[in-house]
Amino acid sequence: MKRKLFLLSVLLAGILYVSGQQITGNVTDETDSPLPGVNVIIKGTTTGTITDADGNYAIEVPDAESELVFSYVGYLTETIQVGDKSVIDMQLISDLAELEEVIVVGYGSIRRKDITTAISTIDMNNSDKQSPAILLHNIEGKAAGVQVVSPSGKPGSGLSVSIRGNTSLQASNEPLYVVDGVPLVKTYDKNNNRLPGIQDVGFLNPADIESITILKDASAAAIYGASGANGVVLITTRKGAANQTKVRFQTFTGFSTFWKKIDVLDRDQYLDLMTELGYDDPNTENTDWQDEAFGRGVDNNYQLSFSGGSEKTQYYFSLGYQKQKGVVAPASFDRYSARLNVTNKTTKWLNLTSNLSFTKSKSRDITDNAGVARGGTILSALTTPPTIGIYNPDGTYTSNPNKGGWENPIANAYAAQQGSNDYHFLGNMTADIYLLKGLTFRSNLGGDFQYNQWDYFLDPFSTDWGRTNEGIGQTRSWDNFIWLFENTLNYNLNFGNHSVTAMAGITAQESKFHYSYMQGSHFQDDYIPTLNAATVRDAINTDIQEWAKNSYLARISYDYKKKYLISSNFRIDGSSRFGKNYNVGYFPSVSAGWRISSESFMEDIKKINELKLRVGWGKTGNDEGIGNYSSYGLYDPSVSGYNFRKLANEDLKWEATTQTNIGLDLATLNSRIVFNIDAYKKETNDLLVNVKLPPTSGFDIQTLNVGSIENKGIEFVLATKNFVGDFNWQTDFNISFNRNEVTSLGEATDEISYGSIYERGDAIKVVVGRPLGSFYGYVYDGVDPETGDVIYHNFDTIDAINPAFDRVFIGDAQPDFIYGLTNTFSYKKFELTIFLQGVQGNQMFNASRIELESMNDSKNQSTDVLNRWMAPGDVTNIPRADQGNTYNTAISTRFVEDASYMRIKTVTLSYTFSGPWWSKIGIQNLGLYMTGQNLWTFTKYKGFDPEVSQYGGSGPSIGIDYGTYPQYRTIIFGLNVEF
């Protein structure tokens, strides 16, 4: 019996040894309330459990050396060794880091939880896994109320950004960009046309950027006065950290192709159509011009950075190189970049900071955005006859056999030797002097220098156009230097439950600009590709311009118990651009916040950790529509003296935008769910309008401040942390609704037309009561079965179709809403990010289809014309072929298409190697990733890309596709190493 008891006891001991140690416990928050769903995991393993509804848990651990890890969204993670305990209770502390995060705002910074205005922030820490070569791609679909459009997919082409709708007809609709405190000011010629070159933030290397803050409402942007009407994008570059030396190498390679082809006629189908039109084409090739012109693009990017420093001095230094070959060769873009940021604590009372960057960009362009009669590689790849090859027997490029001068797409792309070089230096040096406790003086000296050189030469041999002109040479160069000097005083005071911050300062800014252009032709037989060899000077133009701005600014903020918050900005701008009678502008703003969650009546609602109401009002301006000398009477020199060219306007001033915003911020379940809503009304007055003058004045038009535009909308943002632990799933969603309306064009102007279509007139009309980008034309009612001609709706039903009476508004390019959805999944060292972006309710005028369905000349056509009317009685929606007929392809609803789309913008799969073994060989972490960009686009639009726009992505002429270079699908393979 004793022997059996001994064996039983040994067996039980063995079972206990195998089973390990049983641990139970309860998890609560700081108020001792139970926390359900807390992850309790044995450290270094995947074994774990979660707490029940009462916060209780039970887990079995191998031995007393085991450690338990307690983690929950919105709380600090805790780790504890088991030891000889059988019961382990845990109290988790809220992690308020997100609310305590410091956000950069105009001329200062603020904690996120104290924000009273409409602000969006973009964290760039994960951008190196998605490989956006253009900085602004990082905000596309990521910020509510911010629409980012790619008007063209050409290498190096910029993006168009509009914040809360378009506000201007003639001035820029783009936001003001401020890099490390230095505003970027665009450069215009004497006719106030924006000059070519990289004039947004495309010259910046995205790998150098730490964060992006977007000031969306006027109460936030008023501190930038006459430049803040379209919102402000604040860009902060990376800095070094004390005692954290890092060496990072980043590289990626991407391969790009267009995601679709447009079906056009093959040789036999084309010859049948030409016979029907009365053309003779003796050629017998069967060339697929899309295959010839559209290839595979390659993008290579390399970035090397060093950062670190001591407690006294920190540094960040980087070198970058990007080489992009376009899908349509020989379009290309090369960028070389260098950056040095240094912070030095010189003494206890003095800090010095410098941010210096230099970028050289080299690009080769191809023609696009043009009707085929005026050239264009994209359209000519569709409309060039398939019956011809690339070259004639003598080595010259072929062209349309029935229309001289219509070059084939390879000729359009390769015949001209052309290239652009852009040099950009941007930098500033800042001194912070600590005068007294809470009182700091800051002096900021900045400089922005840009030089652009473009050269073009078309030989007198290889193309029809070159032979006609016996060669063409062009050269254009411009440079602009802008200096900035700012001095501000900042004061912080905390006493009891009160907190006050104040800022006051003065700024001065000045620009000097040089421009020259020359064109020559008729080169001699032994031509040299320089303008000196041209025998005819077709154009010579030089220009020097200057402008200056002086400003005074102030801000004061107050909060009581971090519960009631109020802030006010005020700026005075004096500018040399303004007219004599309005040479100074005043821009005030005020905003307030009420942290409802801090009230006593909210104490029992434990699930809500942040609830804040925000309201704001402000006034901003837009001075970019005003030329440097637009307020003056101008004269042009002539042989006999001077000719009066432009009337003076001493009342000329900035466009003024007033905006009211109300918002609500909610964070619940310890910030596991964060929700924001903002509603706004944005009114722009004193709109710059070209007003027709009476014939007696001797001038056609004059620019006056007479119009107004209104934007109003609502924005929603939702961020959720769905799962946290070894497996994490986070969702970020935003959606924005905006309504745009022209409310006045002044007393003397009824309408303004935009969007010229070759041989068809203007496709867009601006009138009171309609949004910008409104299409105007006929209503297409089909094809007459007896005649084969198009039937346009006759609104008076009495007379024949009359352009004066039968054209109406037939659509617009304004979306009903825009949205973005990001899901990020991670498991241990794997991470998968899926980003969807979309636009809904907008329309596009597909002018490319006019060229592809006109059947009125010898261009190739789309396969849609195979269904054309051929004989009386045919029922079809494609009219007859008729040489010279433009009536059947007039501007009408036939070419207005639904351009709504939902795009799988990026999908990124990454894996990070890290740990003790990697540390032994000097690598902190090594990341591999694969990214797909523009993987799939869900749309009804028939063209290449529903996002492109011939005349840019903002302003009155949005929404026209006319042979525009589309975006492309890219597969990227990348490597990030940190030593």
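**Confidence, cores and local geometry of the predicted chain**

The structure described here is a predicted model. Its chain averages a pLDDT of 90, and 94% of the residues score at least 70. One stretch reads quite otherwise: over residues 4-18 pLDDT stays under 50, and the model has zero contacts there beyond four places in sequence.

A good place to begin a tour is the interior. The largest nonpolar core holds 54 residues, of which Leu169, Ile757, Phe845 and Ile960 touch the most other members. Several elements give two or more residues to this core, among them the helices α5 (289-293), α6 (377-383), α7 (409-414) and α10 (847-853). Strands contribute in the same way, including β23 (439-458), β33 (673-692), β36 (752-757) and β37 (761-766). With four residues, α6 gives the most to this core. Apart from this core there is a second, separate one of 26 residues, which includes Ile122, Leu159, Ile163 and Ile198.

Ile960 offers a closer view of the largest core. Leaving aside residues up to four places away in sequence, Ile960 touches Gly755, Ile757, Ala763, Ile764, Phe775, Met844, Phe845, Ala847, Val948, Ser949, Gln950 and Tyr951. Two of these partners, Ile757 and Phe845, are themselves listed with Ile960 among the residues that touch the most other core members.

The loop that follows α6 can be examined next. Thr384 is found between α6 and α7, and it counts as buried because its relative accessibility is 7%, under the 20% limit. A polar atom of the Thr384 side chain lies 2.6 Å from the backbone oxygen of Ser380. Farther along the sequence in either direction, Thr384 touches Trp289, Glu407, Asn408, Pro409 and Asn860, not counting residues up to four places away.

Helix α4 (residues 267-277) shows a clear division between its sides. Its buried residues are Tyr270, Leu273, Met274 and Leu277. These four cover an arc of only 100° around the axis, and they therefore sit on the same side of α4. The face turned away from that buried side carries Asp272 and Thr275, both exposed. The ends of the helix have their own details. Asp266 caps the N-terminal end, with a side-chain oxygen 3.3 Å from the backbone nitrogen of Asp268. Just after α4, Gly278 takes a positive phi of about 90°.

Among the strands, β24 (residues 472-495) has a partner on each of two pairings. It pairs with β23 in the antiparallel sense over 20 bridges, and 24 bridges join it to β25 (residues 498-523), also antiparallel. Thr488 of β24 links the two pairings: it stands opposite Arg442, and its bridge partner in β25 is Gly505. The strands β24 and β25 form a hairpin with two residues between them, and Gly496 in the turn has a positive phi of about 60°.

Elsewhere, strand β6 (residues 78-81) contains Glu78. This residue counts as partly exposed because its relative accessibility is 26%, a value that falls between the 20% and 50% limits. Not counting residues up to four places away in sequence, Glu78 touches Leu68, Val69, Phe70, Met90 and Leu92. Leu611 stands 533 residues from Glu78 along the chain, and the C-alpha atoms of the two are separated by 27 Å.

Some backbone geometry also deserves a look. Most residues other than glycine have a negative phi, and most peptide bonds are trans. Against that background, three sites stand out. A cis peptide bond, with omega of about 5°, joins Ala329 and Pro330; Pro330 lies in the loop between β19 (313-325) and β20 (332-347). Lys562, in the loop between β26 (534-560) and β27 (564-575), is not a glycine but has a positive phi of about 55°. Ser671, likewise not a glycine, has a positive phi of about 65° and is found in the loop between β32 (655-668) and β33. As for their surroundings, Lys562 is partly exposed, with a relative accessible area of 28%, whereas Ser671 is buried, with a relative accessible area of 10%.

Definitions and conventions: Residues numbered from 1 in each chain as written. Predicted model: local features only at pLDDT ≥ 70, side-chain atom pairs only at ≥ 80, totals over all residues. Heavy atoms only, no water. Buried < 20%, exposed > 50% of the residue type's maximum accessible area, 1.4 Å probe, protein only. Arc of directions from axis to C-beta. Polar contact = N/O pair within 3.5 Å; in protein donor to acceptor, adjacent residues only side chain to side chain. pLDDT = per-residue confidence, 0-100. Contact = heavy atoms within 4.5 Å. Core = buried A, V, L, I, M, F, W, Y, C linked by side-chain atoms within 4.5 Å. Pairing = 2+ DSSP bridges.
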